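This report looks at a single protein chain, moving from its surface to individual side chains and then to the overall arrangement.

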Amino acid sequence: MIIIAAIVAVILNVIYHKVFGVIYFSFGAIIKEWFVCFVIALVIVGALFS
């Protein structure tokens with residue numbers, strides 16, 4: 001299930017970058033963005049498989 005969540009996180013990140021213009025000012029911003037995408041992906045996958 002973690003692998004599926006990681007794939008969904010990548011898809012969410014790609015969609016996020018297509019919708020919003022993103023400019024990074026630090027490496028922490030990149031980590032935070034990926035973490036948020038992964039958490040949202042976990043919620044989506046958890047809701048689908050529960």
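In this predicted model, helix α2 gives the largest share of the nonpolar surface patch, contributing 8 residues. The patch covers about 970 Å² and is made by M1, I4, F35, V36, V39, I40, V43, I44, L48 and F49. One of its members, I4, lies in helix α1, which spans residues 2-19. I4 can belong to such a patch because membership asks for over 30% relative accessible area, and I4, at 37% relative accessibility, counts as partly exposed.

The chain as a whole exposes about 3,900 Å², of which carbon and sulfur atoms supply 81%. Buried residues, by contrast, make up 14% of the 50 residues in the chain.

Among the charged side chains, E33 deserves a separate description. Its place is in helix α2, residues 27-49, and E33 is buried yet has no salt bridge. Which side chain of opposite charge is nearest to E33, and how far away is it? That side chain is K32, at 11 Å, whereas a salt bridge requires a side-chain nitrogen of Lys or Arg within 4 Å of a carboxyl oxygen, so this pair does not qualify. When neighbours within four places in sequence are left aside, E33 is in contact with N13, Y16, H17, V22 and Y24.

Y16, one of these contacts of E33, also takes part in an aromatic pair with F20. The count of aromatic pairs comes to 1, and in this pair the rings of Y16 and F20 are 5.3 Å apart, centre to centre, with 50 degrees between the planes. The arrangement is called tilted because an angle under 30 degrees would count as stacked and one over 60 as edge-to-face. Both rings belong to partly exposed residues, Y16 with a relative accessible area of 35% and F20 with 48%.

The relative accessibilities given for three partly exposed residues are gathered here.

| Residue | Relative accessible area |
|---|---|
| Y16 | 35% |
| I4 | 37% |
| F20 | 48% |

Turning to the overall arrangement, the chain holds 2 helices and 0 strands, and its C-alpha atoms fill a box of roughly 40 × 20 × 15 Å along the principal axes. How much of the contact set with a separation of 6 or more comes from residues 24 or more positions apart? Such residues account for 72% of these contacts in the chain.

Key
Residues are numbered from 1 along each chain as its sequence is written. This is a predicted model: local features need pLDDT of at least 70, side-chain atom pairs count only at pLDDT 80 or more; totals for chains, interfaces and linings use all residues. Side-chain values use heavy atoms; hydrogens and water are left out. Helices (H or I, at least four residues) and strands (E, at least two) are DSSP runs, numbered from the N terminus. Buried means under 20% relative accessible area, exposed over 50%, partly exposed in between (1.4 Å probe, protein chains only). Lys and Arg count as positive and Asp and Glu as negative; His and the chain ends are not counted. Contact means heavy atoms within 4.5 Å. Rings of Phe, Tyr and Trp (its six-membered ring) pair if their centres lie within 6.5 Å; planes under 30 degrees apart count as stacked, over 60 as edge-to-face and the rest as tilted. Patches are made of residues with over 30% relative accessible area and no salt bridge: like charges are joined within 9 Å, nonpolar side chains (Val, Leu, Ile, Met, Phe, Trp, Tyr) within 5 Å. Accessible areas come from the Shrake-Rupley method with a 1.4 Å probe; for residues, only the protein chains shown count as cover.
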